[in-house]
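Colleague: I would like a close look at the inside of this protein, taken slowly enough for a first-year student to follow. Please begin with the aromatic rings and go on from there.

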Amino acid sequence: MSDEDETTETTRPGGTTAERPGRDDAADAEATKDEPTDDLVTTEHTLTVVDPTDPATAARELRYRARTGRLVVRREVTGKDGFEGHTAVAEMAVTSYEVLGTDGDPDTSRPVTFVFNGGPGASSVWLHLGVLGPRRVVMGDAGSLAPPPGGLADNQQTLLAETDLVFIDPVSTGWSRVRSGRKADEFHGFTGDVESVAELIRLWTTRNDRWLSPKLLAGESYGTLRAVAVASHLQQRHHMPVNGIALISMVLDMGTIRFHPGDDRPYVGFLPTYAALAHFHGVAGEGVTVEDHVAAAQEFARGDYASALAAGARLDADQRARVVARAAELTGLSEDYLDRVDLRVEHMRFYSELLRHRRQVIGRLDGRFVGYEDDYGRERMAVDPFITATGGPYTAAFLHYVSTELGYRNDLPYKVLSELVHPWSYKEFEGRSVSVAEDLGALLRRNEFLRVHVACGLYDGATPFAAAEDTIAQLRVPAAARERVETVYYPSGHMMYLHEESRLAQSADLARFVRACRP
């Protein structure tokens, strides 16, 4: 028998086998010595959980399997003569949790939810250890922070009680890295990011026999834009429709949060958030609830304020004075400041200006957090006090947890917030706003079972709740589809689960949402 006729059997990652032309051992070794393999560790655990929707019910025990490490993501290569190979392009960090049945195996009829944060450049540690996973960070909250390094505790309200969970770190975040010889830039942009995350989801689903499981996506911040794009990609490319999408601190149209001359949408969308923050810090809305103060700000923002911005030089002096005075009353800023900025308050300016008289700045991601500067004449703060407060506890908790409890170690630095992804490419949107709002509308029209959950923080100064409302209101979907979209609010910031009352409420809201998504 010639070498060309001889065949041997090889095992691919994931346990599948394929036949290929036979080669001698030396040739095999040379061909595979640089081929990456999956790097995963499996452990089993138990956890006592309570139903967040009804805390009075008896606690129960969950037994679950955790698997963490890195999966090799490959790309199919096709040339003029057809299939040329399945080339490794990246190693992506993932942590999955699957509840085990009485037979010791996962129940594949349970839903599975794929989770990621945003950035771009954020790892999934925030949702993982903040609200969804079986363990959570203990770090206190705004005004009552615990000293470093913080701690870990069981998350008795974990969403694992309702759905299996898969936490994904996009390329160049966490321990996810591009393979040697590849260009990282191909993953540091809208399309490359969507394709790599979607491929990991397809791969995990196939490897774990979960094609018949109900599937959900959960994203936070830029992760909400990613979630909609990934859902569209999965449905179109792999015929994998999802049952639900949880959009936490939602931004689907970047034009609603980016301040550019000639586009007044961000000014209108941010004003109710400014009002909420002014009320929280006691510089506006005295004698009324935050809900009433915010409602008044929303009415003003979408009415007289939007009209005044649109009028421009056509606004007469008396009308302008009335609008300036009302804006000052709602936002806590001085009439003089509002007049000098032509009624247009850019968000980073606001976070430095609101409490300037107290020699304090407030956080962008969560305006309940305050910090101090060395120069209060700056237009924009030098350091966001929210990032200073949260980065350390979440990093320490994750690295301790993954090594001591999940048994995985990696000498690479874990990129909680990665600078490696920048500059991020939006080349697909040249000449127009970066938006997937139309994609969400299409998903709702084409999948009559899709449900969408939108979670907003009143004190979130990065993705304002009013802008999210406007985006949802503009979806071109029938009334029946609109009924499958729900929006909830929390008296907290971008990561609303830092506020304990909000964490408990959000856990209950997400549990109800997952139940509603089950067939």
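Colleague: Which residues do ring pairs link into a cluster?

Modeller: Please keep in mind that this is a predicted model, and that what follows describes the model as computed. The cluster you ask about is made of Phe259, Tyr267, Phe270, Tyr274, Phe350 and Tyr351, which are linked to one another by ring pairs. Across the structure the count of aromatic pairs comes to 20. One of these pairs is formed by Trp175 and Tyr414, whose ring centres lie 4.9 Å apart with 75° between the planes, an arrangement that is classed as edge-to-face. This pair links distant parts of the chain, since Trp175 sits in the loop between β11 and β12, while Tyr414 belongs to the loop between α10 and α11, 239 residues apart. Both Trp175 and Tyr414 are buried.

From the rings we can turn to the empty spaces inside the model, where the count comes to 4 cavities of 30 Å³ or more. The largest cavity has a volume of about 80 Å³, and its lining is made up of 14 residues, with Thr68, Val94, Thr95, Asp169 and Phe398 lying nearest the centre. Two or more residues of this lining come from each of β4 (60–79), β5 (82–99) and α10 (385–404), and β5 gives the most, with 3 residues. If you sort the lining of the largest cavity by chemical character, you will find 8 nonpolar residues, 5 polar ones and 1 that is charged.

The second largest cavity has a volume of about 50 Å³. Around the second largest cavity stand Thr113, Leu132, Leu159, Leu216, Ala218, Ala246, Ile248, Leu510, Phe513 and Val514, and the elements that give two or more residues to this lining are β13 (215–221), β14 (244–250) and α14 (500–517). The largest share, 3 residues, comes from α14. In this second lining 9 residues are nonpolar and 1 is polar, with no charged residue.

A helix worth following from end to end is α4, which covers residues 222–238 and so has 17 residues in total. From its first C-alpha to its last, α4 reaches 23 Å, close to the 24 Å expected at 1.5 Å a residue. Helix α4 is also mostly covered, for 13 of its 17 residues are buried. Just after α4 comes His239, whose phi is positive, near 55°.

The last point concerns the cysteines, because a search of the whole structure finds 0 disulfides, where two sulfur atoms would have to lie within 2.5 Å of each other. Cys456 is in no disulfide, and the nearest cysteine sulfur, that of Cys517, is 17 Å away. With a relative accessibility of 4%, Cys456 counts as buried, because buried means under 20%. Cys517 is likewise in no disulfide, its nearest cysteine sulfur being that of Cys456, 17 Å away. Cys517, too, is buried, with a relative accessible area of 5%.

Key:
Residues are numbered from 1 along each chain as its sequence is written. This is a predicted model: local features need pLDDT of at least 70, side-chain atom pairs count only at pLDDT 80 or more; totals for chains, interfaces and linings use all residues. Side-chain values use heavy atoms; hydrogens and water are left out. On a 1 Å grid over the protein atoms alone, a cavity is a set of points where a 1.4 Å probe fits but cannot get out, and a pocket is an open set with protein on both sides within 12 Å along at least five of seven lines; lining residues have an atom within 4 Å of a point. Grid points are joined across faces, edges and corners, and a volume is the space filled by probe spheres set on the points. Helices (H or I, at least four residues) and strands (E, at least two) are DSSP runs, numbered from the N terminus. Ala, Val, Leu, Ile, Met, Phe, Trp, Tyr, Cys and Pro count as nonpolar, Asp, Glu, Lys and Arg as charged, and the others, Gly among them, as polar. Rings of Phe, Tyr and Trp (its six-membered ring) pair if their centres lie within 6.5 Å; planes under 30 degrees apart count as stacked, over 60 as edge-to-face and the rest as tilted. Buried means under 20% relative accessible area, exposed over 50%, partly exposed in between (1.4 Å probe, protein chains only). The expected span of a helix is 1.5 Å times one less than its number of residues.
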